[in-house]
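Biologist: I would like to go through this structure with you and ask how each label was earned. Could you show it to me?

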Amino acid sequence: MSPFWDVIVIGGGAAGLMCAIEAGKRGRRVAVLEHAERLGKKILISGGGRCNFTNISATAVNYVTSGSPHFCKSALARFTPADFIALVEKHRIPYHEKKLGQLFCDFSSRQIVELLQRECLSAGVQIRLNCKVAEVARAEGEGERFLVRTSQGEFTCESLVIATGGLSFPKLGATGIGYKVAEQFGLEMVKPRPGLVPLTFDSADLQTFAALSGLSVDVIASAGEFSFRENILFTHRGLSGPAILQVSNYLREKEPLRLNLLPDLSALDWLESQRKSGRTLKSLLGLRLPQRFAQVWSERFGSARPLEQLPKRELETIAGRLNNWEIFPAGDEGYSKAEVTLGGVHTSELSSKTLEARRVPGLYFIGEVVDVTGWLGGYNFQWAWASGFAAGQAI
Ligand SMILES: Cc1cc2nc3c(=O)[nH]c(=O)nc-3n(C[C@H](O)[C@H](O)[C@H](O)COP(=O)(O)OP(=O)(O)OC[C@H]3O[C@@H](n4cnc5c(N)ncnc54)[C@H](O)[C@@H]3O)c2cc1C
């Protein structure tokens, strides 16, 4: 007979560990199966090694989902940023707010993994490392609903939690097993794609702007009706930086990325007011934007003549582009550089309260494998904690 557990959690990342802790505290016999040689590899590298573990202002508006925008409200309300902060403080982990409500460890993200490990230990959770799940099937025995086939043999359980994350950063052990299980049980999926990801220039833009690699500019970046004021960073292939990662979640194919290069003023009013200054566009832009950028951008879109010699129509076109520069990226840098995976198990398939599959009693999906993706800035971990907690209360 295969060893039986009340609950098996596949994936020892943020969501899986939180879920296991809560279920263990409720007296459930819980096993976490993790194919890596250690827990929480993504937590370890997150936030530049300091783990941006939550955002104090996380609410449902900070998440992208193809289903109802209300879906994540219930879980987020029942395990809030304050609840995770209480856990961090209980374990005496020093932390600070970096900006925009983003909380980071003062020292190391290892402390967050250790917190979760200690909580697992005190909740009696069994952890199996180097245990790769190959397949899931229905079980036959009484009280057993699922059979899990792994590199360490077969296990059965009453409740099965899929916490295997998305496809981003494959070198850290991402696999598509969660999606495979969802499809196997007939659940609707939203096609996965890279999120919070740098964008690449088309060949014309690359030729002009690759020279700016390493330069950062404060802008308002927009896609659709979503806008973020933060830095963009020119790379040798395209654009990155927080503003770009944020809008990448909202960018649709064939739609432009829009950049307002002068977020604090009307470019037309400014150019008009400077018309008699004797300056060229390049020298004027250099007052408000990095010199190197002013030069390259003016050469591509402006004129070398002094502003007063430019016809009004030309001035208007330049001003329009300064406040609303439309770029059509060639694509993105893919999963190897994406912080998260958009898409996943369609939220309409899951109970928003428990994350249980409506049509498959006992089967739960939590964390990034679900079609709920947060903004950059601690929101994705908050979803992992909250969805893990919600399922942990129910299984
Ligand atoms: C470089 C980087 C930095 C990030 N920084 C931040 C940040 O600072 N703040 C923030 O909020 N978010 C950050 N994120 C996003 C965040 O890490 C994820 O959203 C979060 O880890 C998702 O948690 P999860 O538990 O759903 O999945 P994961 O953390 O990915 O955990 C899934 C686990 O399942 C295991 N697994 C997969 N397949 C199998 C299998 N077949 N058998 C057994 N185990 C399996 C994996 O090894 C993994 O341990 C970052 C992501 C990256 C890539």
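**Reading the labels**

Modeller: Let us start with one pair: Val 219 has Glu 230 of β14 as its bridge partner. Please keep in mind that this is a predicted model.

Biologist: How do you know that β13 and β14 pair, and in which sense?

Modeller: Pairing takes at least two bridges between two strands. Strand β13 (residues 216-223) and strand β14 (residues 226-234) share eight bridges, in the antiparallel sense, so they meet that definition. Another of the bridges joins Ser 222 to Ser 227 in β14.

Biologist: What is notable about Gly 224 in the hairpin of β13 and β14?

Modeller: Gly 224 takes a positive phi near 55° there, and the hairpin has two residues between the strands.

Biologist: Which positive phi values belong to a residue other than glycine?

Modeller: Phe 169 is one of them, with phi near 55°; Phe 169 sits in the loop between β10 (153-162) and α6 (177-184). Lys 254 is another, with a positive phi of about 70°, and its place is the loop between α8 (242-248) and β16. These values are worth pointing out because most residues other than glycine have a negative phi.

Biologist: Back to the strands: what makes β16 a partner of β13?

Modeller: β13 and β16 are joined by three bridges and run antiparallel. The definition asks for at least two, so the pair counts. Within it, Ile 220 has Asn 260 of β16 as its bridge partner. β16 also pairs with β17, again antiparallel and over three bridges, and there Leu 259 stands opposite Trp 325 in β17.

Biologist: In what order do the strands of the open sheet of seven stand?

Modeller: The order is β17-β16-β13-β14-β15-β12-β18, with antiparallel pairing.

Biologist: Why do β17 and β18 count as edges?

Modeller: β17 (325-327) and β18 (331-332) each have a single partner strand, so one side of each has no neighbour in the sheet.

Biologist: Which helix packs on this sheet?

Modeller: Helix α12 (residues 312-323) does, touching β16 (257-260) and β17. The direction of α12 makes about 105° with that of β16.

Biologist: And which strands stand at the edges of the open sheet of three strands, β3-β6-β5?

Modeller: With antiparallel pairing in that order, the edges are β3 (52-55) and β5 (95-97); each has a single partner strand, so one side of each is left without a neighbour in the sheet. On average, neighbouring strands of this sheet are turned by 25° against each other, direction ignored.

Biologist: How do you know that β5 and β6 pair?

Modeller: Three bridges join β5 to strand β6 (residues 102-105), and the two run antiparallel. As at least two bridges are required, they pair. One of the bridge pairs is His 96 with Phe 104 in β6.

Biologist: Now the ligand. How many residues surround the ligand, and which are the closest?

Modeller: There are 32 residues around the ligand, and the closest are Ala 15, Glu 34, Thr 175, Glu 368 and Phe 381. By class, the shell has 13 nonpolar, 14 polar and five charged residues.

Biologist: What makes the approach of Asn 52 to the ligand a polar contact?

Modeller: A backbone N or O atom of Asn 52 lies 2.9 Å from a nitrogen atom of the ligand. The cut-off for such N or O pairs is 3.5 Å, so this one qualifies. A polar backbone atom of Val 133 is 3.0 Å from a nitrogen atom of the ligand, and one of Gly 47 is 3.2 Å from a ligand oxygen atom.

Biologist: How much of the ligand does the protein cover?

Modeller: The protein covers 94% of the 1,000 Å² of accessible area that the ligand has on its own. The elements giving two or more residues to the shell are α1 (14-25), α2 (41-49) and α13 (379-394).

How values were computed: Residues are numbered from 1 along each chain as its sequence is written. This is a predicted model: local features need pLDDT of at least 70, side-chain atom pairs count only at pLDDT 80 or more; totals for chains, interfaces and linings use all residues. Side-chain values use heavy atoms; hydrogens and water are left out. A residue is near a molecule or strand if one of its heavy atoms lies within 4 Å of it. A polar contact is a pair of N or O atoms within 3.5 Å; within protein, one must be able to donate a hydrogen and the other to accept it, and residues adjacent in sequence count only if both atoms are side-chain atoms. Accessible areas come from the Shrake-Rupley method with a 1.4 Å probe; for residues, only the protein chains shown count as cover. Helices (H or I, at least four residues) and strands (E, at least two) are DSSP runs, numbered from the N terminus. Ala, Val, Leu, Ile, Met, Phe, Trp, Tyr, Cys and Pro count as nonpolar, Asp, Glu, Lys and Arg as charged, and the others, Gly among them, as polar. Contact means heavy atoms within 4.5 Å. Axes are lines fitted to C-alpha atoms, for helices over the stretch in contact, and angles run from 0 to 180 degrees between N-to-C directions.
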